[in-house]
Amino acid sequence: MKVSSGKALADSLARLRGHKEGATIRALAIRCMNLAKYCCTVESADHSLSHFALNLPLYTHFTSPIRRYADLVVHRVLKCALEIEGMVNKAIRDGIPEDKISITPKDIPSGQLLLHESEVTDVAVHCNERKDAARKCSEKSTELYYCLYLQSLLEQHKADGGVSHIEKHRATLTKIADKSFQIFLPTIGCERELFHNNGQKDQLWIGTILTKAKEGLMYVQWQEGLYQEVSILDGWDVNVFLKPGDKLDFVTELQPPSKLMTEAEVKATVGDDFFTQHFLA
């Protein structure tokens, strides 16, 4: 992975197409970037006007104004700027020195479209809020429609005399925290937060006990005396099924790997004190 510039990163991600963890690495790379935010250029001291991924020093939206209000604001500003440019050029042709040319918003045909910098800042803040809400809505929509998909399969399975329906997927570890960790399900396109020691939250996995992270690693105890060492981008086979109840949600059940570590092997890696504190406490 090369991250010296936006282009270098984009090229690195492009080379991962087809890699078994390509979708996960791409999701991690995007998550590590600062979310793009709209701002007024007078705030440039506090906000970068560049676009890292596109490797551009200056960037603004300029697509069809029917798509985003921010684009409409840009179109209006550009319309006024072109009108001002035309008025300045005409004045120069008429022999008026450039330093003597004075143009007010009332002189511009589209001057009513001009916004004060404070108004542009307010518009930027509002657009950022709406964009963030839309992103969250999109993420929740992915999970909702997957739940509806599971629900339809479950109903079909029951109609055929079955009791439950389980989907099998691959999950990749993307984040380790003190009391939880996150997995990414590339075939579904969403992340799930799971809690150590089977937590008290709704989203549980079954039959595992998890220690807190140590140096980017965590250790899962699948049964007495048998453990798994896991680091970022390691993964599990998982069973996914619809969570019982009125609220549409799904459960992600991690499955143990074929090869596990013994207690002696874990102690040799983390030390007796850490093992005693987190597994035997």
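Leucine 233 counts as partly exposed, because its relative accessibility is 29%. You will find leucine 233 in the loop between β6 (226–231) and β7. What makes this residue worth a look is its backbone: phi of leucine 233 is near 80 degrees, a positive value in a residue other than glycine. Most residues other than glycine have a negative phi. Please keep in mind as you look around that this is a predicted model.

Now step back to the whole chain. The chain holds six helices and nine strands, and 31% of its 281 residues count as buried. Among contacts between residues at least 6 apart in sequence, 49% join residues at least 24 apart. How confident is the predictor? The average pLDDT of the chain is 82, and 85% of the residues score at least 70. Confidence is highest in α3, at 92, and lowest in strand β4 (residues 209–210), at a mean of 52. Over residues 199–208 the pLDDT is below 50, and in the model this stretch has 32 contacts beyond near neighbours in sequence.

Let us turn to the helices, beginning with α3 (69–93). The end C-alpha atoms of α3 are 37 Å apart, which agrees with the 36 Å that its 25 residues should span at 1.5 Å a residue. Its buried residues are Ala70, Asp71, Val73, Val74, Cys80, Glu83, Val88 and Ala91. Against what do the buried residues of α3 pack? Their partner is α4. After α3 comes glycine 95, with a positive phi near 90 degrees.

Helix α4 covers residues 117–159, which makes 43 residues. From first C-alpha to last, α4 reaches 62 Å, close to the 63 Å expected at 1.5 Å a residue. Ten names are worth picking out along the way, so here they are by position. The buried residues of α4 are Thr121, Ala124, Cys127, Asn128, Glu143, Tyr146, Cys147, Leu150, Leu153 and Leu154. What covers them includes α3, β1 (167–176), β3 (190–195), β7 (235–242) and β8 (250–254). Following α4 is glycine 161, whose phi is positive, near 100 degrees.

Two of the strands that help cover α4 deserve a closer look. Alanine 171 lies in strand β1 and counts as buried, because its relative accessibility is 0%. Leaving aside neighbours within four places in sequence, alanine 171 is in contact with Ile183, Phe184, Leu185, Asp234, Gly235, Trp236 and Val238. The C-alpha atoms of alanine 171 and threonine 252 are separated by 9.1 Å, although these residues are 81 apart along the chain.

Phenylalanine 241 is found in strand β7. Is phenylalanine 241 buried or exposed? It counts as buried, because its relative accessibility is 19% and the cut-off for buried is under 20%. Beyond its neighbours within four places in sequence, phenylalanine 241 is in contact with Leu150, His165, Ile166, Phe250, Val251 and Glu253. One of these partners, Leu150, is among the buried residues of α4. The C-alpha atoms of phenylalanine 241 and glutamate 253 are 8.3 Å apart, with their positions twelve residues apart along the chain.

The second largest pocket also involves α4 and β7, the elements that give two or more residues to its lining. About 250 Å³ of space lies in this pocket. Of the 16 residues that line it, Leu154, Lys158, Leu242, Lys243 and Pro244 lie nearest its centre. Which element gives the largest share of the lining? That is α4, with four residues.

Finally, the cysteines. How many disulfides are there? The count comes to zero, taking a disulfide as a pair of cysteine sulfur atoms within 2.5 Å. Cysteine 39 is in no disulfide, and the nearest cysteine sulfur, that of cysteine 40, is 7.3 Å away. Cysteine 39 counts as partly exposed, because its relative accessibility is 21%. Cysteine 147, one of the buried residues of α4, has a relative accessible area of 2%. Why is cysteine 147 without a bond to cysteine 190? Its sulfur is 8.6 Å from that of cysteine 190, the closest cysteine sulfur, and this is too far for a bond.

Key. Residues are numbered from 1 along each chain as its sequence is written. This is a predicted model: local features need pLDDT of at least 70, side-chain atom pairs count only at pLDDT 80 or more; totals for chains, interfaces and linings use all residues. Side-chain values use heavy atoms; hydrogens and water are left out. Buried means under 20% relative accessible area, exposed over 50%, partly exposed in between (1.4 Å probe, protein chains only). The expected span of a helix is 1.5 Å times one less than its number of residues. Contact means heavy atoms within 4.5 Å. pLDDT is the predictor's confidence in each residue, from 0 to 100. On a 1 Å grid over the protein atoms alone, a cavity is a set of points where a 1.4 Å probe fits but cannot get out, and a pocket is an open set with protein on both sides within 12 Å along at least five of seven lines; lining residues have an atom within 4 Å of a point. Grid points are joined across faces, edges and corners, and a volume is the space filled by probe spheres set on the points.
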